[in-house]
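Biologist: Please take a close look at one part of this structure, residue by residue where you can, and then work outwards to the helices and cysteines. I would like a careful account, with the reasoning behind each classification.

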Amino acid sequence: MITEDPLPISVNPLIDVSMLRLDKIHPLISGNKWFKLRYYLEAAQAAGKKRIISFGGAYSNHLLATAAACRLSGLRSAGIVRGEQPQTLSPTLRDAIGLGMELFFVPRDGYREYKLPEQFQREEDFIIPEGGYGDAGARGAATLLEYADPGFTHCCCAVGTGTMMAGLIRAAPPSARVVGISVMKNNRELERAIQNLLPGKQDNWELLHDYHFGGYARHRPDLLHFMEELYRKTGIRLDFVYTAKLVFGVNDLLQRGFFPVGSRILVIHSGGLQGNRSLHGDDVIL
Ligand SMILES: *Cc1c(COP(=O)(O)O)cnc(C)c1O
């Protein structure tokens, strides 16, 4: 069940911070992924499609969520995976196969220009863009705010493709600001990617590019330490790819006085702990 829980990182008693726990929805269709998928799956079923095709990396929350959601909806699924097929599959991909997903590997150099072969373009196939990016994804993400107390002044989220953030911007009350923490290094195309999913020009949002820790899926000891400390203090698990960078960023912004006194900050725990499965040995205790 989704709850909104206090997040004890505020340094000022007049600034309230809470966390929307989308990580609690479902162990595999974790977090924002279910919201981003829901209208794609509805459209696929309405059109009588039988198989969902989507894309992602070896630790992709999106692919695993797609596999699980398709299994539950009685649809078949195929995942186009970025990278050569490895000797041993990641636990995420093994789980996806266990949920009935067929996997196809595409080497990294060809991935960007990759054209789907005929076998995935049958009448029965429905293609969901990588990360669920698109209008249906943003519309679905907009519905996640139905689970939050609408009195927030700021809504903070981690940003990958920007689909979730576009949904939040669309659904946030007019007086609230949406602050996105990009998990990639210098991805200056993100602003436009988000803008393209909005109905018009809006200035109630901003993207911050200072908390990427070296780039997508990169990390540093201070980030892992922060995750471990928060887990010890609150029992809340974060992942180093998305939500740890988000909460680290919000914590830093709080200390720098970024949020005015009286703010009520809603932090979105967008779920998705698959990335942590790529950590080894004594990197992390979670
Ligand atoms: C996929 C994901 C995101 C990014 O969502 P976008 O809509 O692609 O920006 C954020 N957090 C988690 C945990 C995710 O799995």
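Modeller: Phe213 is a buried residue, because its relative accessible area of 6% falls under the 20% limit for that class. What I describe here is a predicted model, and the values that follow are computed from its atoms. Phe213 sits in the loop that runs between strand E9 (205–208) and helix H8 (221–234), and its phi is positive, at about 55°, although the residue is not a glycine. Ala217 is placed in the loop between E9 and H8, and this residue, likewise not a glycine, has a positive phi near 65°. Its surroundings are described by another class, since Ala217 has a relative accessibility of 33% and therefore counts as partly exposed. For this loop, then, the picture is one of a buried Phe213 and a partly exposed Ala217.

From the loop I turn to the packing of the helices. Two packed helices are described by the angle between their axes and the distance between the axes. Helix H5 (residues 135–142) and helix H6 (residues 163–171) have axes 7 Å apart and pack at an angle of about 55°. An angle under 35 degrees would count as roughly parallel, and one from 65 to 115 as roughly perpendicular, so H5 and H6 are oblique to each other. The handedness of the crossing between H5 and H6 is right-handed. On the side of H5, the contact is formed by Asp135, Gly137, Ala138, Arg139, Ala141 and Ala142, while H6 contributes Thr163, Met164, Ala166, Gly167, Arg170 and Ala171. Sorted by class, the residues of this contact of H5 with H6 are 6 nonpolar, 3 polar and 3 charged.

H6 deserves a further remark, because 7 of its 9 residues are buried, so that the helix is largely enclosed by the rest of the structure. The buried residues of H6 are Thr163, Met164, Met165, Ala166, Gly167, Leu168 and Ile169. Beyond H6, in the loop that leads to strand E8 (177–182), lies Pro173, which is partly exposed because its relative accessible area is 21% and buried residues are those under 20%. Leaving aside neighbours within four places in sequence, Pro173 is in contact with Pro150 and Phe152. The C-alpha atom of Pro173 is separated by 8.6 Å from that of Thr153, a residue 20 places away along the chain.

The next pair of helices is H1 (residues 32–46) and H2 (residues 61–73), whose axes come within 10 Å and cross at roughly 45°. This angle makes H1 oblique to H2, and H1 passes H2 in a right-handed crossing. Lys33, Leu37, Leu41 and Gln45 make the contact from H1, and Asn61, His62, Ala65, Thr66, Ala69, Cys70 and Ser73 make it from H2. By class, the contact of H1 with H2 holds 5 nonpolar, 5 polar and 1 charged residues.

H2 also packs against helix H3 (residues 91–98), where the axes come within 9 Å and cross at roughly 15°. Because angles under 35 degrees count as roughly parallel, H2 and H3 are roughly parallel to each other, and H2 passes H3 in a left-handed crossing. In this contact, Leu63, Leu64, Ala67 and Arg71 of H2 meet Thr92, Leu93, Asp95, Ala96 and Gly98 of H3. The residues there divide into 5 nonpolar, 2 polar and 2 charged.

Finally, the cysteines. A disulfide is a covalent bond between the sulfur atoms of two cysteines. With a disulfide taken as a pair of cysteine sulfur atoms within 2.5 Å, the count comes to 0 disulfides. Cys155 is in no disulfide, and the nearest cysteine sulfur, which belongs to Cys157, is 6.0 Å away. For Cys156, the closest cysteine sulfur is that of Cys155, at 6.7 Å, which is too far for a bond. Cys155 counts as buried because its relative accessibility is 1%, and Cys156, with a relative accessible area of 1%, is buried too.

Note on methods. Residues numbered from 1 in each chain as written. Predicted model: local features only at pLDDT ≥ 70, side-chain atom pairs only at ≥ 80, totals over all residues. Heavy atoms only, no water. Helix = DSSP H or I, 4+ residues; strand = E, 2+ residues; numbered from the N terminus. Buried < 20%, exposed > 50% of the residue type's maximum accessible area, 1.4 Å probe, protein only. Axes fitted to C-alpha atoms, helices over the stretch in contact; angles between N-to-C directions. Parallel < 35°, antiparallel > 145°, perpendicular 65-115°, else oblique. Left-handed = near helix turned anticlockwise from the far one by under 90°. Contact = heavy atoms within 4.5 Å. Nonpolar A, V, L, I, M, F, W, Y, C, P; charged D, E, K, R; others polar.
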